[in-house]
Amino acid sequence: MEGDLDFGLVMSSIRERDTVLHSLSGDRGRRDRCQKSQMGGKEEVARFRHGRAWYRVYGGPETAALWLGMLISMSFETEGETGMSSCVRVLFWVFVVFLSVTAAGAQRPNSLSFEDGEEGWLMLWYGSDLDGWTVAGDAEWKIEDDAIVSDSGGMGFLITEEVFDSFELKLDFLADLGTNSGVFLRVPKIPANVKTETYELNIAPPDNPFPTGSLVQRVKVEGVEERAEWRSFHVVAHGGHFEVTLDGKELVNWTDPNPVRKGMIALQHNQGRIAFRNIKFRYLDDP
């Protein structure tokens, strides 16, 4: 009937879209595991990669749009039907607007926004388990309050199974006062010499030889205040060039003349309590 929404047709179109998106997924020498994430309480329904950037299509906004279309369709006066009363129609629109505003402003931790997807970002950790990571050393890792946490067990690492060359990395961390931790970049399976075999982005007190934001044994950063609150790293590792930004302030802009070309990403616990969340990355073309 004119004005009605063919729900079966819509769902069929969505399934066709999912099939196409999955068919566009390519390995190109990298793992292409289908993982799940949450955004606005909706499960990710598909993803595809174009070139070396990863994109994601989420169910949340699309589902909201689908229901909005259904509500609009339901509100139409159709031949042979009385349709909704004006009062009910107004209430529907108020409800739809409320849901739209709420969904637009809400994003769960450890998830991507549409803008992130368009820019090629991929979640490195989705918040549910440690799939895709390998434990090395004595540190004990757990998931607590939407974060990866380590506060016992001694020195240890949580290492990605993925191997990276040029990339951007963003993550949030919360370190108790006195904590010694870090993020290793292009690390081998067993971290050894941080001066020649990997890059250690340190998380440490100001009195440490390499305080928070430093690249251990390579670049020392000074003047960074120690704070027991969530903070954000943004790292660019482009060939031998490295940029490190902490809470929007650039700390490191340095080029290694003899760079380590590839390796994994690892989270480190040395002492104290450390938590990580919102860990995402995107591939960069090699220079």
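Begin by selecting the open sheet of five strands, whose order is S5-S8-S15-S10-S11 and whose pairing is antiparallel; keep in mind throughout that this is a predicted model. At the edges of the sheet stand strand S5 (133-137) and strand S11 (199-203), each with a single partner strand, so one side of each is left without a neighbour in the sheet. Viewed across the sheet, neighbouring strands are turned by 20° against each other on average, direction ignored.

**Along strand S8**

Next, colour S8 (residues 156-160). Five of the five residues of S8 are buried, so this strand is largely enclosed by the rest of the structure. In a regular strand the side chains alternate between the two faces of the sheet. Showing the side chains here, you will find Gly-156, Leu-158 and Thr-160 pointing one way from S8, while Phe-157 and Ile-159 point the other way.

Now bring in the strands that pair with S8. S5 and S8 run antiparallel and are joined by five bridges, and within this pairing Ala-136 has Phe-157 of S8 as its bridge partner. S8 also pairs in the antiparallel sense with strand S15 (residues 264-271), in this case over four bridges, and Leu-158 has Leu-267 in S15 as its bridge partner.

**From S10 to the edge strand S11**

Move to S10 and S11, which run antiparallel and are joined by five bridges. Select Gly-182 together with Asn-202 in S11, since these two residues stand opposite each other.

**The aromatic pairs**

With the backbone dimmed, display the rings of the aromatic residues; the structure holds nine aromatic pairs. One of them is formed by Phe-157 and Phe-184, an edge-to-face pair with 5.1 Å from centre to centre and 90° between the planes. Phe-157 lies in strand S8 and Phe-184 in strand S10 (residues 180-187), so the pair ties together parts that are 27 residues apart in sequence. Phe-157 and Phe-184 are both buried.

Then select Phe-164 and Phe-281, whose ring centres are 4.9 Å apart and whose planes are at 85°, so this pair is edge-to-face. Phe-164 belongs to the loop between S8 and strand S9 (167-175), and Phe-281 to strand S16 (residues 274-283), so the pair ties together parts that are 117 residues apart in sequence. Both of these residues, Phe-164 and Phe-281, are buried. Adding Phe-167 and Tyr-283 to the selection completes the view, as Phe-164, Phe-167, Phe-281 and Tyr-283 form one aromatic cluster.

**Charges over tryptophan rings**

Two further selections combine a charged side chain with a tryptophan. Show Arg-277 and Trp-230, where the charged end of the arginine sits over the ring, 3.9 Å from its centre. Follow this with Lys-280 and Trp-121, where the lysine lies over the face of the tryptophan at 5.7 Å from the ring centre.

**A cavity to finish**

Finally, turn on a display of internal space, for the structure holds three cavities of 30 Å³ or more. Which residues are the closest to the centre of the second largest cavity? This cavity holds about 100 Å³ of space, and of the 15 residues that line it, the closest to its centre are Ala-204, Thr-212, Glu-226, Arg-227 and Arg-231.

Key: Residues are numbered from 1 along each chain as its sequence is written. This is a predicted model: local features need pLDDT of at least 70, side-chain atom pairs count only at pLDDT 80 or more; totals for chains, interfaces and linings use all residues. Side-chain values use heavy atoms; hydrogens and water are left out. Rings of Phe, Tyr and Trp (its six-membered ring) pair if their centres lie within 6.5 Å; planes under 30 degrees apart count as stacked, over 60 as edge-to-face and the rest as tilted. Buried means under 20% relative accessible area, exposed over 50%, partly exposed in between (1.4 Å probe, protein chains only). A charge sits over a ring if NZ of Lys or CZ of Arg is within 6 Å of the ring centre and within 35 degrees of the ring normal. Two strands pair if DSSP finds at least two bridges between them. Axes are lines fitted to C-alpha atoms, for helices over the stretch in contact, and angles run from 0 to 180 degrees between N-to-C directions. On a 1 Å grid over the protein atoms alone, a cavity is a set of points where a 1.4 Å probe fits but cannot get out, and a pocket is an open set with protein on both sides within 12 Å along at least five of seven lines; lining residues have an atom within 4 Å of a point. Grid points are joined across faces, edges and corners, and a volume is the space filled by probe spheres set on the points.
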